[in-house]
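Student: I am new to this structure and would like a close look at one part of it. Please walk me through the places where side chains meet, and show me how they fit into the chain around them.

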Amino acid sequence: LPFQMKILVLHGPNLNLVGKVSAKAGDNITLGKINTSLKRTAKELKSDIKILQTHKVFNAINFIQRNRNWADGLLFSPMAWSLYEYSILECLMVSDLLTIQILFDKKYQIVNNGAESIFSSYCKKTLSGNPKSVYLDGIKELNKII
């Protein structure tokens, strides 16, 4: 069977340390566990998925630009970029990629990146919640929209 949907996942800076933050919150969530769950859900939906975590803006922009014609949608957790990284916002706008912004609920936020995210007005939707479940909500939301 051909894949129904092609999904990009872009994890912003410091998400490789989500396990350290989740331990303080009394949970055991790691980026590896999040990615495994995303891959499993994509497979269940007969979708293809590419995942990148980076601290470097140019890597994020390259990932978006190189995959813009391949992907049907993007799950993007901008973290600190949500406050200032206009070059990524411009890249998303020019690429015209259906984007769902992923934010974490307060106990997992390192910086308060909710209401003032520069990406909120561009993104088709913004989802906020526990890192373990909010990505899965995002992939299911993309599946509904596409």
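Tutor: Here is a walk from the whole chain to its charged side chains, then to its rings, and last to some loop residues.

A word on the ground rules first. This is a predicted model, in which local features need pLDDT of at least 70 and side-chain atom pairs count only at pLDDT 80 or more, while totals for chains, interfaces and linings use all residues. Residues are numbered from 1 along each chain as its sequence is written, and side-chain values use heavy atoms, leaving out hydrogens and water.

Let us begin with the chain as a whole. There are 5 helices and 5 strands, and along the sequence they follow the pattern β-α-α-β-α-β-α-β-β-α. These elements are DSSP runs numbered from the N terminus: helices are H or I runs of at least four residues, and strands are E runs of at least two. Of the 146 residues in the chain, 47% are buried. Buried means under 20% relative accessible area, exposed means over 50%, and partly exposed lies in between, with a 1.4 Å probe and protein chains only. A contact means heavy atoms within 4.5 Å. Among contacts between residues at least 6 apart in sequence, 79% join residues at least 24 apart.

Now for the charged side chains. As a general point, side chains of opposite charge can pair when their charged atoms come close. A salt bridge is counted when a side-chain nitrogen of Lys or Arg is within 4 Å of a carboxyl oxygen of Asp or Glu. By this rule the chain has 2 salt bridges. One of them brings together K125 and E141, with 3.2 Å from N to O. K125 belongs to strand 5 and E141 to helix 5 (residues 131-145), so this pair ties together parts that are 16 residues apart in sequence. K125 is partly exposed at 34% relative accessible area, whereas E141 is buried at 14%. Look around E141 and, leaving aside residues up to four places away in sequence, you will find that it touches I100, K125 and L127.

E141 also forms a salt bridge with K144, at 3.5 Å from N to O. Those two residues are 3 apart in helix 5, which puts about one helical turn between them. K144 counts as exposed, with a relative accessibility of 65%. Because the salt bridges share partners, K125, E141 and K144 are joined into one network.

Next come the rings. Rings of Phe, Tyr and Trp (its six-membered ring) pair if their centres lie within 6.5 Å; planes under 30 degrees apart count as stacked, over 60 as edge-to-face and the rest as tilted. The count by this rule is 3 aromatic pairs. One of them is the tilted pair of F76 and W81, with 6.4 Å between centres and 35° between planes. F76 and W81 are both buried. Another pair is F76 with F119: their centres are 5.0 Å apart and their planes stand at 85°, so this pair is edge-to-face. It links distant parts of the chain, since F76 is in strand 3 (residues 73-77) and F119 is in the loop between strand 4 (99-104) and strand 5 (125-129), 43 residues apart. F119 is buried, as is F76. Together, F76, W81 and F119 form one aromatic cluster.

One ring has a charge for company. K50 lies over the face of W70, 4.3 Å from the ring centre. A charge sits over a ring if NZ of Lys or CZ of Arg is within 6 Å of the ring centre and within 35 degrees of the ring normal.

Finally, turn to the loops. Y84 lies in the loop between strand 3 and helix 4 (86-95). From Y84 to F119 is 35 residues in sequence and 9.6 Å in space, C-alpha to C-alpha. The loop between strand 3 and helix 4 also holds M79, which is buried at 7% relative accessible area. Most residues other than glycine have a negative phi. M79 has a positive phi near 50°, and K46, which is not a glycine either, has a positive phi of about 55°. K46 sits in the loop between helix 2 (31-44) and strand 2 (48-53) and is partly exposed at 38% relative accessible area.
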